[in-house]
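Subject: A structure for you to explore

Hi there,

Here is the structure I promised to pass on. Have a look at it first, and then read on for what turned up.

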Amino acid sequence: MEGCYWDREIETIPREDLLRLQLDRLNKTLQIAKHSPFYRGKIPEFVSDLDALKDIPFTTKKDLRGSFPHGMLAVPLERIIRLHSSSGTTGTATVVYHTKHDIDNWTELVARSMYMTGVRKHDIFHYGSERIGALTIPASSGNSKRQIRLMRDFHATVIHVTPSYALHLYPLFAEEGLNPRDQLQLRIAFLGAEPYTEETRRRIEDIYGLDAYDSYGLSEMNGPGVAFECPMKNGMHLWEDHYILEAIHPKTGKMLRDGEEGELVLTTLVRNGMPIIRYRTGDVATIFPHKCPCGRTHRRISRIKGRSDDMLIIKGVNLYPMQIEKVIMDIPEVGNNYLIEIERVDYLDSINIKVEIVPETFHGSFDELEHLKKKIVDNLKTEILIQPKVTLVEPGSLPRSEGKAVRVVDKRKE
Ligand SMILES: [Zn+2]
């Protein structure tokens, strides 16, 4: 992997030095955070080792909402140059503040992440990479045809999209008379912002003819660039010089060992405007215990398996929607969209999975369809351990999404 580091020294820093750097930066962060109304009196002013972290209380999304608008601000407002506000699905707003120093550090991380996957200055990128020197075309979601034309007219080589949007765009290329594999210059895609499977990655790589890399970010921790895949495509390096990474049991809050699946908890280490300490991300993943062959020493996390609050309990069995996607996307006759419906009838849970299938199969014989349905049910039963009902539906008949996909309708809650 010679020559593929943006900043070799920090990316390959020995673990002991990294831990020392984290402790030093954590103490600086505690000093800054104590100036915010939220953290005042809640956190120690100094810790002598990183183990002390486990005695510091978590910060949650609810805390962020509760301290809206200024409760978490740690510096005078004059020093803030940007804020990101999100209304969230529940309607209560949260806000994240950035100083110039914060934006600089964030930009550096995004550049480091992209360079790692091979983005260079001759690339033409769809969103956010000026520091590498790549030409950047910011385009927010929506107006899909315009997105397609931007990519075509400016010969975009790199895109950053949600996996469901990449799949959603595909049939629209055909409507424009374009085959993205042959007629676009795309060579790299960053996929993120929602859970997806290895099967979906392979599908996107295949239809667009590019390399797709996992990316992880959340607005509370800046946004994109928190963790990114390296060319090994086996887990995302989480940049531990900027964040302290922990995994905890979602119910007990107990810190887990590397290799155990749990909810990720992150602490900012270089953010001045609004430091966040032990933030419960709600994202479920596993921290890999082994070193990556690429030489980077920052630990890797698995693909996000789901939200800790997405966990479904059906007939007493714990289940993440991702497990279902993994099974159905592995079946070639299955199209790019599906919907999970859960109902409770006479006190019994039932799960019905509506699956779009590819046009050729849909117009095939009744026997073929029955056979396919049985295959999906059997494969699902092996994975999720409960018997689902499966309905095969016409291609394009399920609601399509422009942003994060709605994959689960839990009618038990209505
Ligand atoms: Zn690596």
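Which residue just after α4 takes a positive phi? That residue is G118, with a phi of about 110°. Please keep in mind as you read that this is a predicted model.

Since we are at α4, let's stay with this helix. The 17 residues of α4 should span 24 Å at 1.5 Å a residue, and its end C-alpha atoms are 24 Å apart, so the two values agree. Many names appear in its list of buried residues, including D102, W106, R112 and M116.

Helix α4 also matters for the largest nonpolar core: eight residues of this core come from α4, which is the largest share. The core has 58 residues in total, and Y216, L266 and I301 are the ones that touch the most other members. As background, nonpolar side chains in soluble globular proteins tend to be buried together. Apart from the largest core there is another one, made of 26 residues, with V327, I376, V390 and L392 among them.

Now find helix α2, residues 15–33. From first C-alpha to last, its 19 residues reach 26 Å, close to the expected 27 Å. L18, Q22, L26, N27, T29, L30 and A33 are the buried residues of α2, and they pack against β10 and β11.

Next, the empty spaces. The structure holds two cavities of 30 Å³ or more:

- The largest cavity has about 70 Å³ of space. Its lining includes D102, W106, H242 and R271, and α4 gives the most to that lining, with three residues. By class, there are three nonpolar, four polar and two charged residues.
- The second largest cavity has a volume of about 50 Å³. Among its lining residues are L64, F68, H70 and M274, while strand β2 supplies the largest share, three residues. Seven of the lining residues are nonpolar, four are polar and none is charged.

Finally, take a look at the second largest pocket, with a volume of about 630 Å³. It is lined by 29 residues, and L167, N336, N337, E356 and R400 lie nearest its centre. Two or more lining residues come from each of α6, α8, β17 and β18. Strand β17 gives the most, with six residues. The lining divides into 17 nonpolar, seven polar and five charged residues.

Enjoy exploring, and write back with any questions!

Best wishes

Terms used
Residues are numbered from 1 along each chain as its sequence is written. This is a predicted model: local features need pLDDT of at least 70, side-chain atom pairs count only at pLDDT 80 or more; totals for chains, interfaces and linings use all residues. Side-chain values use heavy atoms; hydrogens and water are left out. On a 1 Å grid over the protein atoms alone, a cavity is a set of points where a 1.4 Å probe fits but cannot get out, and a pocket is an open set with protein on both sides within 12 Å along at least five of seven lines; lining residues have an atom within 4 Å of a point. Grid points are joined across faces, edges and corners, and a volume is the space filled by probe spheres set on the points. Helices (H or I, at least four residues) and strands (E, at least two) are DSSP runs, numbered from the N terminus. Ala, Val, Leu, Ile, Met, Phe, Trp, Tyr, Cys and Pro count as nonpolar, Asp, Glu, Lys and Arg as charged, and the others, Gly among them, as polar. A nonpolar core is a set of buried Ala, Val, Leu, Ile, Met, Phe, Trp, Tyr and Cys residues joined through side-chain atoms within 4.5 Å. Buried means under 20% relative accessible area, exposed over 50%, partly exposed in between (1.4 Å probe, protein chains only). The expected span of a helix is 1.5 Å times one less than its number of residues. Contact means heavy atoms within 4.5 Å.
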